[in-house]
Amino acid sequence: MTTNATTSELDPATHIHHKWADVLRGCAYGDAWGNRNEFQSYAALTRTNKRGPELPAQLIITDDTQMTLALARAIDSVDPDDDTDALKSAIISEFVTWRSDPDNNRAPGNTCMAATRSLAS
């Protein structure tokens, strides 16, 4: 879905639709930012800076980052007035595409791969 209207000009359903996609993009960004810090304690993360770690020079894209972006693309691809079946189909399509993407080389888990394999069949 592409629009030239600013968010404030959109009807409420479309506005919420865009917000959800933006939220998911933010989650993906946070996942890529936090990858290096995932298993550190809060105390370790705030030892040198009360606000936590600075933005790294390079973000690390994980399988979780990729799947979150796939979900955001699926939401963005349907019209807010479409029924839930259209959204479900878009999500399945994005996840199946992600499963066979050559960039899907970030050690996705067996459960994730088995689920997307089932979606593909």
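Biologist: Why is T116 called buried?
Modeller: Buried means under 20% relative accessible area, with exposed over 50% and partly exposed in between (1.4 Å probe, protein chains only). T116 comes in at 2%, so it counts as buried. Bear in mind that this is a predicted model, where local features need pLDDT of at least 70, side-chain atom pairs count only at pLDDT 80 or more, and totals for chains, interfaces and linings use all residues. Residues are numbered from 1 along each chain as its sequence is written, and side-chain values use heavy atoms, leaving out hydrogens and water.

Biologist: What makes the link between the side chains of T116 and R99 a polar contact?
Modeller: That term needs a pair of N or O atoms within 3.5 Å; within protein, one must be able to donate a hydrogen and the other to accept it, and residues adjacent in sequence count only if both atoms are side-chain atoms. The T116–R99 pair sits at 3.4 Å, and it's listed as a polar contact.

Biologist: Which helix holds T116?
Modeller: Helix α5, residues 110-120. Helices are DSSP runs (H or I, at least four residues), numbered from the N terminus, while strands are E runs of at least two.

Biologist: How do you know that C112, M113 and T116 lie on the same side of α5?
Modeller: All three are buried. They cover an arc of only 95° around the axis, so they share a side; the arc is that of the directions from the helix axis to the C-beta atoms.

Biologist: What does the face of α5 turned away from its buried side carry?
Modeller: Exposed residues: N110, T111 and S118.
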